[in-house]
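Please keep the sequence and the model open side by side while you read. The paragraphs below go from single residues to cores and helix pairs.

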Amino acid sequence: MKTTVPFLDMKAQYDELREELDQAYQRVMDSGWYILSDEARAFEQEFADRIGVKHCIGVGNGLEALQLIFMAYGIGAGDEVIVPANTYIASWLSVSYVGATPIPVEPNPATHNIDPTRIAQAITKRTKAIMPVHLYGQPTEMTEIWKLAEVHGLRIVEDSAQAHGVKYMDKMAGNLGSAAAFSFYPTKNLGAFGDAGAVTTNDDDLADKVRVLRNYGSRKKYYNEVKGHNSRLDPLQAAFLRVKLKYLDEWNKRRDKLAHYYCEHLNGLPGLGLPITAPQTEHGWHIFVVTHDDRDRLKSYLDEHGVDTLIHYPVPPHLSEAYADLGYKAGDFPLSEKLANTVLSLPIGPHVTQEQADFVVERIREFCLSGRP
């Protein structure tokens, strides 16, 4: 059946902002400057101001943003970083790429974010940092993590790849720890039209080191201080992000309105679990995730009836072939494994129409009320 409700309509984003985006493109092309330009610096300042931090350093993508933070902090071989067991594998990869070891901690079943009450038992003398991942667009509950980091002298490295423009208490995601990494992958709430990322921080020394590391380890062309990387925010993507940043709050409100509509009209259906928003926390609804014990059949039913859905994420990192060397087995992190087998993401983009939302709700109600086991 032809898709009636796409998971995310990227073309609609362009159509809404076509004039401004085309002007941004023309501005960059007319400038004649395409690496580390004024356009990229302007976005860095605007995004830093939006987050409420001193520094934003644009880089190639979100994974490299995390990796460069760890490199700048000197975290490497022999060190450990506490990570969520339930997350996208990129969070773990950033730790592995610097030679450190990711130490998984189970999620809070209510929010799917790392459970702060479980972190303390994972801390060892090798632990150097805690990485809260603000999954689905909801910041992790940070109060306990702040206390643990202070007591044990640990860095907090936020993975804010899904948490653009949202707050925990009175502070923005990206300003809740020592440093944060953002992804501007096209599907994000603040997405470019290609790969892009950024590091945000109030740490002057870290910001300086990341700026050097992202540019071959160099401040001055051909004079290299350290073995750096080539990870720079493309000025064209920066120009597009400057346009879309102006609409972030409005588009997040559209997502929030749709999320509340789903919760109201799907509440109480047999077998269906709905997301919650933790106290003192804003939810950006990058992803709207439900759970169902018969998830695969529900997904197939929706696919067959024209509703495009995704699974975030079908394989927890500890069971991925990429991490077979760590020796984890099925059953080691049962909460994460249960989520991997039951979560399903519904369309939640800012351009889902009311008619489409009604269609999604009707199809899910049909499935849940049909008496399927």
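Which residues does Leu-344 touch, not counting residues up to four places away in sequence? This is a predicted model, in which local features need pLDDT of at least 70 and side-chain atom pairs count only at pLDDT 80 or more, while totals for chains, interfaces and linings use all residues. Residues are numbered from 1 along each chain as its sequence is written, and side-chain values use heavy atoms, with hydrogens and water left out. With contact meaning heavy atoms within 4.5 Å, Leu-344 touches Phe-288, Val-289, Val-290, Arg-295, Leu-298, Lys-299, Leu-302, Thr-309, Leu-310 and Ile-311. Leu-344 lies in strand β14, where helices (H or I, at least four residues) and strands (E, at least two) are DSSP runs numbered from the N terminus. Because its relative accessibility is 0%, Leu-344 counts as buried, a term that means under 20% relative accessible area, as against over 50% for exposed and partly exposed in between (1.4 Å probe, protein chains only). The C-alpha atoms of Leu-344 and His-292 are separated by 7.7 Å, although the two residues are 52 apart along the chain.

Strand β14 also has a part in covering a helix. In helix α10 (residues 334–342), the residues Ser-336, Glu-337, Leu-339, Ala-340 and Thr-342 are buried, and what covers the buried residues of α10 includes β13 (288–292), α9 (295–304) and β14 (343–346). The loop between α9 and α10 holds Tyr-313, which is joined to His-312 by a cis peptide bond with omega of about 10°.

We turn now to the nonpolar cores. In soluble globular proteins, nonpolar side chains tend to be buried together. A nonpolar core is here a set of buried Ala, Val, Leu, Ile, Met, Phe, Trp, Tyr and Cys residues joined through side-chain atoms within 4.5 Å. The largest such core has 37 residues, of which Ile-69, Phe-70, Ile-75, Val-81, Val-95, Met-131 and Val-210 touch the most other members. At least two residues of this core are supplied by each of β1 (55–59), α3 (62–72), β2 (80–84), α4 (89–97), β8 (179–183) and α6 (204–213), and the largest share, 6 residues, comes from α3. Leaving aside neighbours within four places in sequence, Phe-70 is in contact with Ile-75, Val-81, Ser-94, Val-95, Val-98, Ala-129, Met-131 and Val-157. Apart from the largest core lies another, of 26 residues, among them Val-5, Phe-288, Val-290 and Leu-302.

Two polar residues in loops come next. His-164 has its place in the loop between β5 (155–159) and β6 (167–168) and, because its relative accessibility is 1%, counts as buried. The side chain of His-164 reaches the backbone oxygen of Ser-183 at 2.7 Å, and, leaving aside neighbours within four places in sequence, His-164 is in contact with residues including Phe-182, Lys-188, Asn-189, Leu-248 and Asn-252. Asn-113 lies in the loop between β3 (101–105) and β4 (127–130) and is likewise buried, with a relative accessible area of 2%. The side chain of Asn-113 reaches the backbone nitrogen of Leu-135 at 2.9 Å, and among the residues that Asn-113 touches are Pro-107, Val-133, His-134 and Gln-138.

Two further loop residues, neither of them glycine, have a positive phi: about 55° for Met-169, and near 50° for Trp-285. Met-169, in the loop between β6 and β7 (171–172), counts as partly exposed at 39% relative accessibility, whereas Trp-285, in the loop between β12 (272–273) and β13, counts as buried at 3%.

How do the helices pack? Two packed helices are described by the angle between their axes and the distance between the axes. Axes are lines fitted to C-alpha atoms, for helices over the stretch in contact, and angles run from 0 to 180 degrees between N-to-C directions. The axes of α8 (residues 248–266) and α11 (residues 354–368) come within 10 Å and cross at roughly 30°, which means that α8 is roughly parallel to α11, since angles under 35 degrees count as roughly parallel, over 145 as roughly antiparallel, 65 to 115 as roughly perpendicular and the rest as oblique. Residues making this contact include Leu-258, Tyr-261 and Tyr-262 of α8 and Ala-357, Val-361 and Ile-364 of α11.

Terms used. A polar contact is a pair of N or O atoms within 3.5 Å; within protein, one must be able to donate a hydrogen and the other to accept it, and residues adjacent in sequence count only if both atoms are side-chain atoms.
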